[in-house]
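Grab a notepad and work through the exercises below. Each one sets a task and then walks through a solution.

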Amino acid sequence: SCFILLPFVAGTLLALALVPGVVYVLSTVCREQTFATALGGRETVILADDSRIELNTDTVVRADMGLARRSVVLDKGEAYFQIKHDADHPFEVKAGNYRVIDLGTKFVVRRDGDRIEVALVEGSARVDAPEGSGRRSVTLVPGEIAVATANDFAISKRLPQALATELGWRRGMLIFKHTTLAEAANTFN
């Protein structure tokens, strides 16, 4: 009877030893988290892969970081992404119907309803238009900004100083140049 119990006990011990590994794998495969800032708030989030997201005021992002997937959905607001590049597992940001694919970079994505703005600070990133829209994918270089609305998609270039000014919120500052009081009040609100 001892020989009959030995395989049962060994099997039970092996199963118990595997449970923590299975729990760990499941927790990393299904790991969507929501991060949000209140009006006037800012927050920096460090993801499992050491990538950073800086959330501006009134921003909501959902991050899905698993073993084979690195994806963030920007529901609203503005976020600065400093991505740890991994060619085997590209980092993807979805904003509306558009996708931004990291090609080793630092970039900003802003979503105001149906208006999406992607500004590349460093490296390169690809902006994919929705399928069936007739628009092409575009690879941005530093200083380029892609702006997409329901009816338009345009690329423009900004000088590094102008882009740094627009990112003043990362330092807790709003900087306005050649802006009407009404536009500044709208941004501030």
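A polar contact is a pair of N or O atoms within 3.5 Å; within protein, one atom must be able to donate a hydrogen and the other to accept it, and residues adjacent in sequence count only if both atoms are side-chain atoms. Before you start: this is a predicted model, where local features need pLDDT of at least 70 and side-chain atom pairs count only at pLDDT 80 or more, while totals for chains, interfaces and linings use all residues. Residues are numbered from 1 along each chain as its sequence is written, and side-chain values use heavy atoms, with hydrogens and water left out.

**Exercise 1. Find the side-chain partners of arginine 70 and aspartate 64.**

Step 1: start with arginine 70, whose side chain makes a polar contact of 2.2 Å with the side chain of aspartate 49.

Step 2: place arginine 70, which sits in strand S5. Strands here are DSSP runs (E, at least two residues) and helices are too (H or I, at least four), numbered from the N terminus.

Step 3: check burial (buried means under 20% relative accessible area, exposed over 50%, partly exposed in between, with a 1.4 Å probe and protein chains only). Arginine 70 has 7% relative accessibility, so it counts as buried.

Step 4: repeat for aspartate 64, in strand S4. Its side chain and that of arginine 69 are joined by a polar contact of 3.0 Å, and at 17% relative accessibility aspartate 64 is buried.

**Exercise 2. Classify the ring pairs Phe81–Phe91 and Tyr98–Phe153.**

Step 1: get the rule straight. Rings of Phe, Tyr and Trp (its six-membered ring) pair if their centres lie within 6.5 Å; planes under 30 degrees apart are stacked, over 60 edge-to-face, and the rest tilted.

Step 2: searching the whole structure turns up three aromatic pairs. For phenylalanine 81 and phenylalanine 91, the centres are 6.2 Å apart and the planes at 55°, so call this pair tilted.

Step 3: map that pair. Phenylalanine 81 belongs to strand S5 (residues 70-82) and phenylalanine 91 to strand S6 (residues 91-95), so the pair ties together parts 10 residues apart in sequence. Phenylalanine 81 is buried at 0% relative accessible area, and phenylalanine 91 is buried at 0% too.

Step 4: now tyrosine 98 and phenylalanine 153, with centres 5.8 Å apart and planes at 5°, so this pair is stacked. Tyrosine 98 is in strand S7 (residues 98-112) and phenylalanine 153 in strand S11 (residues 153-157), so parts 55 residues apart in sequence are tied together. Both tyrosine 98 and phenylalanine 153 are buried.

Step 5: look for a cluster. Ring pairs link Phe81, Phe91 and Phe107 into one.

**Exercise 3. Which residues have the most contacts inside the largest nonpolar core?**

Step 1: define the set. A nonpolar core is made of buried Ala, Val, Leu, Ile, Met, Phe, Trp, Tyr and Cys residues joined through side-chain atoms within 4.5 Å.

Step 2: the largest core has 31 residues, and Phe81 and Val109 have the most contacts inside it. Its largest share, five residues, comes from S8.

Step 3: list neighbours of valine 109 (contact means heavy atoms within 4.5 Å). Leaving out residues up to four places away in sequence, valine 109 touches Leu74, Phe81, Val93 and Ile116, among others.

Step 4: don't miss the second, separate core of five residues, which includes Tyr80, Ala119, Ile145 and Val147.

Definitions and conventions:
Contact means heavy atoms within 4.5 Å.
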